[in-house]
Amino acid sequence: LAIGFLLGLPRKYALIPLLVVGLLLSTQVTIVFCGVHLLAYRLLLLAGWIRCLARREYRGMVKSGLDKVVLCWAFSNAIAFVLLWREAASVVNRAGFLYQALGTYFLLRFFIRDRDDVMRVIKAFVLVFAIIAPLMLCEYITGYNVFSLVGAEAVSSIREGRVRAGGPFLHAIIAGAVGAVMLPLSIGLWQQGRKHHLIAGIGVISATLATLTSVSSTPILTYAAGLTGLLLFRARKKLRAFRWGIVLSLCGLQLVMKAPVWFLIGRAGGLGGGTGWHRAALVDNFIRHFGEWWLVGTQNNADWGYYMWDVDNAYVAAGVGGGLITFVLFIAVIVYAYKAVGEARKKAEGSHDDLRLIWALGCALFANTIAYFGIVYFDQSIILWYALLAMIAALPAFLVKASVRTPQVTQRWQYLESFETTLKDYPRG
């Protein structure tokens, strides 16, 4: 049904079945053919590309620096992984990675062109979590995951006597983190006018439920990061001083703390129950073993210490799996995204609605930046990440079209149209 709607709906609605069904179906729903794993989401992605190429809907996209960085990061990751493992299976694995990563990002880029497209994508995500969040609450109460009917784990994990709801995702932390990222997007939708208040309110409630029922510290920190970013809106022109203040504070703490400053992650990890020490130790070992992974990554991170095989940090995972170049390019993707948001924010200062929406995208990016210290998106959750990057990359075109709506331009067009009408009243001679 999703593929049928994806192929048949008008362009502006074509992404909705891809986003909704792609997030609701677990990645454990898989067809294995000749050693190739055809995930349900990858079949949807294939249908999306068939439609895009057949209808030439890729035309007219405004290229951005973020597109190039994402492309370089993906190929660097794939090449380093193949060189690290040197097996035929690694080529197949990275081919699937490139298809999913670049296929998702650029398909979303072709379909997300303007403000209306951004609004529709956010509403689609709210719709998804309006389904996921109540079922996560049921899972938290009963211990049974309803999404096991569509491929997810039936029995929920338990920490300190409390059920950790995971919904359709492969881990409760991912479910909570993705839900927490929905908070700034939902509030940005709320600020677009009263007609959006109902769906935005549902989004805020769903984000809160998903965060709390995951019973994990990373989602709570992600939720707090998004909320903090929203509260800094009035100080948006003074963020340079704020950023330098954080840097100087960390330098000061490094001087007075007995342990390295990154062990603050361990203290923050205790919120809501968590293994903060493991995450701090992971960063510490990542720095100490720089010589092992800098070239193309390493296969020996499990030897770094207790439980070091569990790389639940996206920044560490980028280096361990792809070496220094891939690590730097992964950071560059985030930096270019922040740069795009900052430039768009300056250009949109005259438009309250556009400014609020751009700021919400920036807050969602900040929430993801914090989430990546405690999780790696390794299931269908990557859809939200690539969609966020695609929305940010579309901001230049977003603002060009938004400028047409300014009062001065509208008044001039009305004058020209009335002048043209007057000319038509005269005879051709």
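At 9% relative accessibility, N301 counts as buried in this predicted model, even though its place is in the loop between helix 13 (290-293) and helix 14 (314-347). A polar atom of the N301 side chain lies 3.2 Å from the backbone oxygen of M308. Leaving aside residues up to four places away in sequence, N301 touches M308, W309, V311 and V320.

A comparable description can be given for H278, which is found in helix 12 (residues 276-288). H278 has a relative accessible area of 5% and is therefore buried, the cut-off being under 20%. The side chain of H278 has a polar atom 3.3 Å from the backbone oxygen of D310. With residues up to four places away in sequence not counted, the residues touched by H278 are Y307, M308, D310 and D312. M308 thus turns up in the surroundings of H278 and of N301.

Helix 12 is also home to a charged pair, D284 and R288, whose side chains meet in a salt bridge (2.7 Å, N to O). These two residues are four residues apart in the helix, about one turn. What is the accessibility of each partner, D284 and R288? D284 counts as buried at 9% relative accessibility, whereas R288 counts as exposed at 60%.

Turning to salt bridges in general, side chains of opposite charge can pair when their charged atoms come close. The count for this model comes to nine salt bridges. One of them joins the side chains of D354 and R115, at 2.6 Å from N to O. This pair links distant parts of the chain, with D354 in helix 15 (residues 352-371) and R115 in helix 6 (residues 115-142), 239 residues apart. D354 is buried, with a relative accessible area of 3%, and R115 also counts as buried, at 15% relative accessibility.

Helix 6 holds a further salt bridge, in which the side chains of R120 and D117 meet at 2.6 Å, N to O. Here the partners are three residues apart, about one turn of the helix. D117 is buried, its relative accessible area being 4%. The pairing does not stand alone: R11, D117 and R120 are linked in a network of salt bridges.

The surface offers a feature of another kind. I3, L7, I31, F33, L43, L46, I50 and Y99 make a nonpolar surface patch of about 700 Å². At least two residues of this patch come from each of helix 1 (2-8), strand 1 (30-33) and helix 3 (40-55). Which element gives the most to the nonpolar patch? Helix 3 does, with three residues. Strand 1 is where I31 is found. I31 has a relative accessible area of 48%, so I31 is classed as partly exposed, between the 20% and 50% cut-offs.

Finally, a word on confidence. The mean pLDDT of the protein is 89, and 91% of its residues reach 70 or more. Among the elements, helix 4 (residues 65-85) has the highest mean pLDDT, 97, and helix 18 (residues 407-424) the lowest, 50. The pLDDT is below 50 over residues 406-411, a stretch with four contacts in the model beyond near neighbours in sequence. Where pLDDT is low, the predicted coordinates should not be read in detail.

Notes:
Residues are numbered from 1 along each chain as its sequence is written. This is a predicted model: local features need pLDDT of at least 70, side-chain atom pairs count only at pLDDT 80 or more; totals for chains, interfaces and linings use all residues. Side-chain values use heavy atoms; hydrogens and water are left out. Buried means under 20% relative accessible area, exposed over 50%, partly exposed in between (1.4 Å probe, protein chains only). A polar contact is a pair of N or O atoms within 3.5 Å; within protein, one must be able to donate a hydrogen and the other to accept it, and residues adjacent in sequence count only if both atoms are side-chain atoms. Contact means heavy atoms within 4.5 Å. Patches are made of residues with over 30% relative accessible area and no salt bridge: like charges are joined within 9 Å, nonpolar side chains (Val, Leu, Ile, Met, Phe, Trp, Tyr) within 5 Å. Accessible areas come from the Shrake-Rupley method with a 1.4 Å probe; for residues, only the protein chains shown count as cover. A salt bridge is a side-chain nitrogen of Lys or Arg within 4 Å of a carboxyl oxygen of Asp or Glu. pLDDT is the predictor's confidence in each residue, from 0 to 100.
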